Amino acid sequence: MNDRPKLYVPAPGEITEALYSLLSAQCKSFTGGQSSSLSAETVEALLSSICFSLSCFASKYGQNALVEIPLEKALEGARDILKKRIQLCKTLYLTLLRLPFQPDNVSYRDTVNGMENFFKKYDYYFFADQVPCDIDYQLCLQVNENLWGVEFLTEYIKRLICESRFCGAFQRYEITALLANFGSRNDELLINVFTPVLSNALGRALLGNDISTLEVTPDGIEKLFSMFAGLKYEEALPIVDKASKLLCSRVGFSGYNAEYVTESARTLIPRICRCDPKGLFLSLAR
């Protein structure tokens with residue numbers, strides 16, 4: 001998958017005796033008792049996995065839990081947590097596959113189809129922080145880089161489901177017409193399909209127009225930019241949030257999905273306020 005910052009692991013001098021003992025046991029388990037044959041890179045990867053697993057345990061039971069019980073027990077508990085999260089991730093993946101709207105985009109198809117490899121190759125026992133599949137399709141809001149392993153993929157899929165459900169609330173031919181603005185081979189581009197759909201839907205909500213369609217006329221675009229010209233982010237925020245609320249009501253979103261749409265719409269505010277037409281409020285190409 002795409003390069004991401006490395007998960008923090010303690011430096012050799014920072015490793016506690018308990019953690020060192022845990023790492024030693026993990027190395028022996030990985031090699032069948034021949035830990036001396038491991039490369040430095042593999043040892044670091046095993047330590048990274050331990051740290052990630054323990055962080056999952058602490059996120060559920062609190063940081064103090066790591067000092068109240070032996071780390072060996074905490075690691076066992078972490079693996080139970082990870083097994084449940086794998087099942088949740090798989091359930092979400094199946095939900096994603098069943099959605100009626102699937103973007104006609106090569107990177108989307110490759111990413112979604114490639115996720116199957118995660119469930120075949122993910123090793124929560126030794127390399128829990130890794131994501132053994134390629135994630136190339138760009139979301140409107142990228143997943144927090146502090147998430148790793150199954151937690152990363154779970155959050156990624158949740159966002160992808162939200163984006164696809166939102167797009168599915170509109171006519172596919174209108175979405176196809178919107179994407180035609182990116183060229184005849186737009187399906188081969190690394191673009192996010194949800195963003196232009198949200199942009200046009202938001203534009204219609206801001207204009208007070210019916211939001212069952214995505215058409216924004218040239219006059220409408222001019223009016224939108226005149227509405228926001230000279231406004232600061234803080235001044236535009238409540239206006240955009242109100243329009244986002246209308247959109248969420250229109251597509252039946254609440255909770256997590258509504259928050260995602262609202263946060264996504266907020267990312268458009270700086271461009272709207274500086275009247276940047278590139279990629280905003282696109283015409284429906286005929």
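A residue counts as buried when its relative accessible area is under 20%, as exposed when it is over 50%, and as partly exposed in between (1.4 Å probe, protein chains only). The exercises concern a predicted model, in which local features need pLDDT of at least 70 and side-chain atom pairs count only at pLDDT 80 or more, while totals for chains, interfaces and linings use all residues. Residues are numbered from 1 along each chain as its sequence is written, and side-chain values use heavy atoms, with hydrogens and water left out.

**Exercise 1.** Classify Ser 24 as buried, partly exposed or exposed, and place Ser 24 in the secondary structure.

*Solution.* Begin with the element: Ser 24 belongs to helix α1, which covers residues 17-31, helices being DSSP runs of H or I with at least four residues, numbered from the N terminus. Then take the relative accessible area of Ser 24, which is 26%, so the residue is partly exposed. Finally, look along the chain to Pro 218, which is 194 residues from Ser 24 and has its C-alpha atom 66 Å from that of Ser 24.

**Exercise 2.** Describe the fold and the extent of the protein chain.

*Solution.* Count the elements, which gives 12 helices and zero strands (a strand being a DSSP run of E with at least two residues). Next, the C-alpha atoms fill a box of roughly 70 × 40 × 30 Å along the principal axes. Of the 286 residues, 47% count as buried. For the contacts (heavy atoms within 4.5 Å) between residues at least 6 apart in sequence, 68% join residues at least 24 apart.
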